[in-house]
Amino acid sequence: PWEDMGCVCAGSAENGKDAVQLFSEQQPDIVVTDIRMPGMDGLELIDIITELCAVSEDNHVCECIVLSGYSDFEYARRAMRAGVQEYLLKPVDDDELKAAVLRAQKRIEQHKGRDSLERKMSGTEGSSMLMLFREYDLGSRTTPNARYVQAAIELIRKFYIGGITAETAAEKIDISPGYLSR
């Protein structure tokens with residue numbers, strides 16, 4: 001099933017200590033972990049993985065998917081604080097796990113794209129940066145349309161590298177996505 005999603009299983013571990021060792025050796029993009037393991041829990045494992053990624057030379061990013069038999073909110077809260085975006089309750093349906101893996105893959109691709117752009121931009125000197133937008137001069141126009149356009153441009157400038165959709169921009173300036181795209 002992993003191959004169908006473009007994934008290769010790098011290995012499996014019986015406990016948290018072995019999982020840390022395997023992660024250090026393989027540097028996978030996605031880790032699927034149980035919340036409860038011998039030696040350390042999955043959240044401790046995620047904390048260690050996060051630290052290893054932070055000190056890696058290549059700015060490695062790893063998405064963690066947590067599987068849990070516990071619907072206890074405290075586990076979910078700790079997972080969110082650790083940066084986990086996929087917290088699945090057992091028994092996990094194959095389609096649910098596949099969807100979580102695909103979402104994780106998308107986030108990884110987005111992050112790699114941002115890193116590439118940031119590397120390109122950091123190669124410039126001083127304040128001369130790669131221009132992503134052509135200036136849009138509204139002049140002295142103060143029509144509602146001009147204000148919406150200006151607000152949308154500011155949002156795009158602010159969130160371009162992190163990613164923003166027309167739907168999100170429209171929501172933030174209180175208009176419909178269809179109206180914004182005209």
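**Note on a three-strand fold and its pocket**

1. Start with the strand pairing. β1 and β2 pair in the parallel sense over five bridges. Two strands count as paired if DSSP finds at least two bridges between them. Helices (H or I, at least four residues) and strands (E, at least two) are DSSP runs, numbered from the N terminus.

2. A word on the source. This is a predicted model, in which local features need pLDDT of at least 70 and side-chain atom pairs count only at pLDDT 80 or more, while totals for chains, interfaces and linings use all residues. Residues are numbered from 1 along each chain as its sequence is written, and side-chain values use heavy atoms, with hydrogens and water left out.

3. Overall layout. The protein chain has seven helices and three strands. From the N terminus on, the order is α-β-α-β-α-β-α-α-α-α. Of the 182 residues in the protein chain, 30% count as buried. Buried means under 20% relative accessible area, exposed means over 50%, and partly exposed lies in between (1.4 Å probe, protein chains only).

4. The sheet, bridge by bridge. On the β1 side, T33 has V66 of β2 as its bridge partner, and D34 has L67 of β2. On the other side, four bridges join β2 to strand β3 (residues 86-89), and these two strands run parallel. There, I65 stands opposite E86, and V66 has Y87 as its bridge partner. V66 thus appears in both lists: with T33 and with Y87.

5. How are the strands connected? β1, helix α2 (residues 42-54) and β2 make a right-handed β-α-β unit. A second right-handed unit is made by β2, helix α3 (residues 73-81) and β3. Right-handed here means that, with the strands pointing away from the viewer, the path from the first strand over the helix to the second runs clockwise.

6. Is strand β2 enclosed or open? Six of the six residues of β2 (residues 63-68) are buried, so the strand is largely enclosed by the rest of the structure. E63, I65 and L67 point one way from β2, while C64, V66 and S68 point the other way. S68 in β2 counts as buried, at 0% relative accessibility. Its C-alpha atom is separated by 5.3 Å from that of I35, 33 residues apart along the chain.

7. β3 is another case. It has a covered face, E86 and L88, and an uncovered one, Y87 and L89.

8. The nonpolar core. The largest one has 19 residues, and those with the most contacts inside it are L45, I46, I49, C62 and C64. The elements that give two or more residues to this core are α1, α2, β2 and α3. The largest share, five residues, comes from α2. Such a core is a set of buried Ala, Val, Leu, Ile, Met, Phe, Trp, Tyr and Cys residues joined through side-chain atoms within 4.5 Å.

9. The pocket. The largest pocket has a volume of about 790 Å³. Of the 30 residues that line it, the closest to its centre are C9, G11, I30, V31 and V32. The elements giving two or more residues to the lining are α1 (16-26), β1 (30-34) and α4 (94-122). By type, the lining divides into 19 nonpolar, six polar and five charged residues. Ala, Val, Leu, Ile, Met, Phe, Trp, Tyr, Cys and Pro count as nonpolar, Asp, Glu, Lys and Arg as charged, and the others, Gly among them, as polar.

10. Pocket terms. On a 1 Å grid over the protein atoms alone, a pocket is an open set of points where a 1.4 Å probe fits, with protein on both sides within 12 Å along at least five of seven lines; lining residues have an atom within 4 Å of a point. Points are joined across faces, edges and corners, and the volume is the space filled by probe spheres set on them.

11. Backbone points to check by eye. The peptide bond from K90 to P91 is cis, with omega near -5°. P91 lies in the loop between β3 and α4. Q27 has a positive phi of about 50° although it is not a glycine. Q27 is found in the loop between α1 and β1, and counts as partly exposed at 31% relative accessibility.

12. Towards the C-terminal helices. A151 is found in helix α5 (residues 144-159). A151 is partly exposed, with a relative accessible area of 27%. A151 and A169 are 18 residues apart in sequence and 8.7 Å apart in space, C-alpha to C-alpha.
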